[in-house]
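Here is a short report on one protein chain. Please look over the sequence and the structure before reading on.

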Amino acid sequence: MLKKWSLCIALVMAVCSATCLADVAIQQDEHGVDYVTGGIGSEEVEALEAFKKQFNLYFLFSEGKIGRLIDGVSITIMDAKKQTVFSLDQAAPRLLLNLPNGKYSIIASYQGNTQRYTFTSNAKKHQRVILNWKNANLDEDSREDNREEDAAPDEIRNDTRAALPGTS
């Protein structure tokens with residue numbers, strides 16, 4: 001009886017794990033670029049970690065001084081010839097994708113505020129780009145529990161970060 005019970009528990013746990021990971025999967029945008037987006041909840045963060053080594057770009061979207069993670073970001077990436085190479089509406093806080101070597105421009109929008117940012121991709125090197133929308137109206141004390149530890153502005157070195165022009 002104990003063996004059957006243990007087997008049952010193991011089977012349920014395996015199904016739950018597979019279901020949680022199934023929510024985060026490699027997808028393809030209309031331009032043929034493979035990507036993964038997610039990062040809402042610890043299960044999605046763990047699932048994204050499993051994909052991280054397969055991609056050379058890691059985008060993190062946040063707002064405010066504390067770096068509260070946000071979703072619902074629309075992002076368009078263009079190459080040096082101003083041709084769109086990737087676009088996604090409603091990106092989650094984390095976005096993984098691969099781009100070949102080159103210079104790219106990002107146009108990212110969140111709640112009506114748009115950022116433009118230029119970066120260079122190296123297909124052989126993992127790069128993290130943090131886009132932060134500064135927002136003076138945030139009640140930062142009440143949102144401290146949502147702070148992304150690895151995205152704290154004063155703690156990050158060797159990352160590419162962007163913020164809305166004219167904000168601090």
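The sections below cover the fold, one strand, the cores and the confidence.

## Overall fold

This is a predicted model. The protein chain has two helices and eleven strands. Read from the N terminus, the order is α-β-β-α-β-β-β-β-β-β-β-β-β.

The protein chain has 168 residues, and 40% of them count as buried. Take the contacts between residues at least 6 apart in sequence: 61% of these join residues at least 24 apart. The exposed area is about 10,100 Å². Carbon and sulfur atoms supply 51% of that area.

## Strand E10

Strand E10 spans residues 127-133. Seven of its seven residues are buried, so the strand is largely enclosed by the rest of the structure. In a regular strand, side chains alternate between the two faces of the sheet. In E10, Gln-127, Val-129, Leu-131 and Trp-133 point one way. Arg-128, Ile-130 and Asn-132 point the other way. Both sets are buried.

E10 pairs with strand E3 (residues 57-63). The pairing is parallel and runs over seven bridges. One bridge joins Tyr-58 to Arg-128 of E10.

## Nonpolar cores

Nonpolar side chains tend to be buried together in soluble globular proteins. The largest nonpolar core here has 25 residues. Phe-59, Phe-61, Ile-77, Leu-97 and Ile-106 touch the most other members. Several strands contribute at least two residues each: E3, E5 (73-78), E6 (84-91), E7 (94-97), E8 (102-110), E9 (113-121) and E10. Apart from this core lies another, of eleven residues. Val-36, Leu-48, Phe-51 and Phe-55 are among them.

Which residues does Phe-61 touch, leaving out those up to four places away in sequence? Arg-68, Leu-69, Ile-70, Val-73 and Ile-75 are included. So are Ala-91, Ala-92, Pro-93 and Leu-95. Leu-131 and Trp-133 complete the list. In E10, Leu-131 and Trp-133 point the same way.

## Confidence

The mean pLDDT of the protein chain is 77. Of its residues, 67% reach 70 or more. Among the elements, E5 has the highest mean pLDDT, at 98. Helix H1 (residues 2-22) has the lowest, at 47.

Over residues 10-22, pLDDT stays under 50. The model has two contacts beyond four places in sequence for this stretch. Residues 136-158 also have pLDDT below 50. Beyond near neighbours in sequence, that stretch has 33 contacts in the model. Where pLDDT is low, the predicted coordinates should not be read in detail.

How values were computed: Residues numbered from 1 in each chain as written. Predicted model: local features only at pLDDT ≥ 70, side-chain atom pairs only at ≥ 80, totals over all residues. Heavy atoms only, no water. Helix = DSSP H or I, 4+ residues; strand = E, 2+ residues; numbered from the N terminus. Buried < 20%, exposed > 50% of the residue type's maximum accessible area, 1.4 Å probe, protein only. Contact = heavy atoms within 4.5 Å. Areas by Shrake-Rupley, 256 points an atom, 1.4 Å probe, with all protein chains shown as cover. Pairing = 2+ DSSP bridges. Core = buried A, V, L, I, M, F, W, Y, C linked by side-chain atoms within 4.5 Å. pLDDT = per-residue confidence, 0-100.
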